[in-house]
Amino acid sequence: MRAARLIKMVLLLQARPSMTAAELARELEVSERTVARDVLSLSEAGVPVYADRGRAGGYRLIGGYRTRLTGLARSEAEALFLSGVPTALREMGLADAASAARLKVSAALRPELRDAASGAAQRFHLDAPAWYQEPETPELLPAIADAVWDDRRITARYLRKDTEVARELEPYGLVLKAGVWYLAARVEGEYRVYRVDRFTAVTAYEGAGATGPAEATAAAGASDGRFRRDESFDLPAFWAERAAQFARSILREEVVLRLSARGVHQLPYVTERAAAREAIARAQAAGGPDEQGRLTVTLAVESAEVAYAQLLSLGPEGELLRPADLRERLATAARRTAALYD
């Protein structure tokens, strides 16, 4: 631990012209007294650390000293590719690895390029969670992430509706969708998707640092618990296909709408976007708007209840033609709304 801290101190001083004891203590998460002891240890080891006295003083490297300890470890390199998603890094337990990787990159850069990281951070930021939601980090996410990085089998208990089931999984990848984590895993020769917040226990084979029932470890497959990864597996392509399948699978009913030009524009924003665009494209190809400029579309929806809530937001820009019972519900809602404004 101390050796790693000393290396990090050298990298920090190499990346910046000078740092105060307070700044080093904050970066290294130690006291200023520990910083002073570490500086003394570095000096005794031959690292030319110089202390400037006074109010504007601090520590700096002299003589153009540069460490060669800038090679990236595998975990640091992998974390660096995710460094634009700081929340995801923290949730997976990779924040320290990413921090070390960024320091090594900064130390390897020419002085005039060392502000590149902060410059990029001030220009690009990914805010993954959806609006109006407070994301919660699944408790078992770090354990699952460790197994994903290490290609290590896991045994898990998973909530399926009101039933808890046991599974042996080969964890291939994690996906963060609108603040919700999903695991893509191979089980019994096929790939499936699991919500991480529904796992109740996870144990990686052969001591891969997870939490869960101790007896699961005895069920290890390969001697070291690792599985042979299918190199043809493409996580982004797999997720895109499954997401499209899921969107289609929940659209089990149909409604017929007559839309104004404004309603045509609004429909993709109030219902499932792909289904809305397909419905509009079909209607336009079949003849387009009528003499009043309205377009009649047949739209796939999840259910009448969901459609009721969605189509209310169209107001007068969309007239539901079928089914009749849903049309009457919308008409009743329109009359009640009109009465409020009389």
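**Figure 1. Strand 3 and strand 4 in a predicted model.** T155 has E168 as its bridge partner in strand 4, and the close-up is drawn from a model that is predicted rather than determined by experiment. Strand 3, covering residues 154–160, and strand 4, covering residues 163–177, pair in the antiparallel sense, and the pairing extends over 7 bridges. Helix 8, residues 141–150, packs on the sheet, where it touches strand 3, strand 4, strand 5 (180–187) and strand 7, and its direction makes about 70° with that of strand 4.

**Figure 2. The open sheet of 5 strands, ordered 6-5-4-3-7.** The pairing within this open sheet is antiparallel. Its edge strands are strand 6, residues 190–195, and strand 7, residues 199–204, each of which pairs on one side only. When direction is ignored, neighbouring strands of this sheet are turned by 45° against each other on average. Helix 9, made up of residues 235–249, lies across strand 4, strand 5 and strand 6, and it runs at about 75° to strand 6.

**Figure 3. The loop between strand 5 and strand 6, with E188.** E188 is not a glycine, yet its phi is positive, at about 55°. The relative accessibility of E188 is 73%, and the residue therefore counts as exposed, the cut-off for that class being over 50%.

**Figure 4. The loop between helix 2 and helix 3, with E29.** Helix 2 spans residues 21–28 and helix 3 spans residues 32–44, and E29 is found in the loop between them. Here too the backbone shows a positive phi in a residue that is not a glycine, the value for E29 being about 60°. With a relative accessibility of 74%, E29 counts as exposed.

**Figure 5. The open sheet of 3 strands, ordered 9-8-10.** The strands of this open sheet pair in the antiparallel sense, and its edges are formed by strand 9 and strand 10, each of which pairs on one side only. From one strand to the next, the twist averages 35°. Strand 8 and strand 10 are joined by 4 bridges in the antiparallel sense, and within this part of the sheet R258 stands opposite E319 in strand 10. Helix 13 packs on the sheet and touches strand 8 and strand 10, its direction making about 145° with that of strand 10.

**Figure 6. Helix 10 on strand 8 and strand 9.** Helix 10 lies across strand 8 and strand 9 and runs at about 145° to strand 8. The buried residues of helix 10 are G263, V264, Q266, L267 and P268. These buried residues pack against strand 8 (253–259), helix 11 and strand 9 (295–301), so that the view takes in two strands and a helix as their surroundings.

**Figure 7. The contact of helix 10 with helix 11.** Helix 10, residues 261–270, and helix 11, residues 273–285, pack at an angle of about 150°, and their axes are 7 Å apart. The two helices are therefore roughly antiparallel to each other, a description that applies to angles over 145 degrees. On the side of helix 10 the contact involves V264, L267, P268 and Y269, which meet R273, A276, R277 and I280 in helix 11. Sorted by class, the residues of this contact are 6 nonpolar and 2 charged, with no polar residue among them.

**Figure 8. The cis peptide bond between R322 and P323.** The peptide bond that joins R322 and P323 is cis, with an omega of about 5°. P323 is found in the loop between strand 10, residues 318–322, and helix 13, residues 324–341. Helix 13 and strand 10, the elements on either side of this loop, also appear in Figure 5.

**Figure 9. The whole protein, as context for the close-ups.** The protein contains 13 helices and 10 strands. It has 342 residues, of which 36% count as buried. The exposed surface amounts to about 20,900 Å², and carbon and sulfur atoms supply 51% of this area. When contacts are restricted to residues at least 6 apart in sequence, 60% of them join residues that are at least 24 apart.

Key:
Residues numbered from 1 in each chain as written. Predicted model: local features only at pLDDT ≥ 70, side-chain atom pairs only at ≥ 80, totals over all residues. Heavy atoms only, no water. Axes fitted to C-alpha atoms, helices over the stretch in contact; angles between N-to-C directions. Parallel < 35°, antiparallel > 145°, perpendicular 65-115°, else oblique. Contact = heavy atoms within 4.5 Å. Nonpolar A, V, L, I, M, F, W, Y, C, P; charged D, E, K, R; others polar. Pairing = 2+ DSSP bridges. Buried < 20%, exposed > 50% of the residue type's maximum accessible area, 1.4 Å probe, protein only. Areas by Shrake-Rupley, 256 points an atom, 1.4 Å probe, with all protein chains shown as cover.
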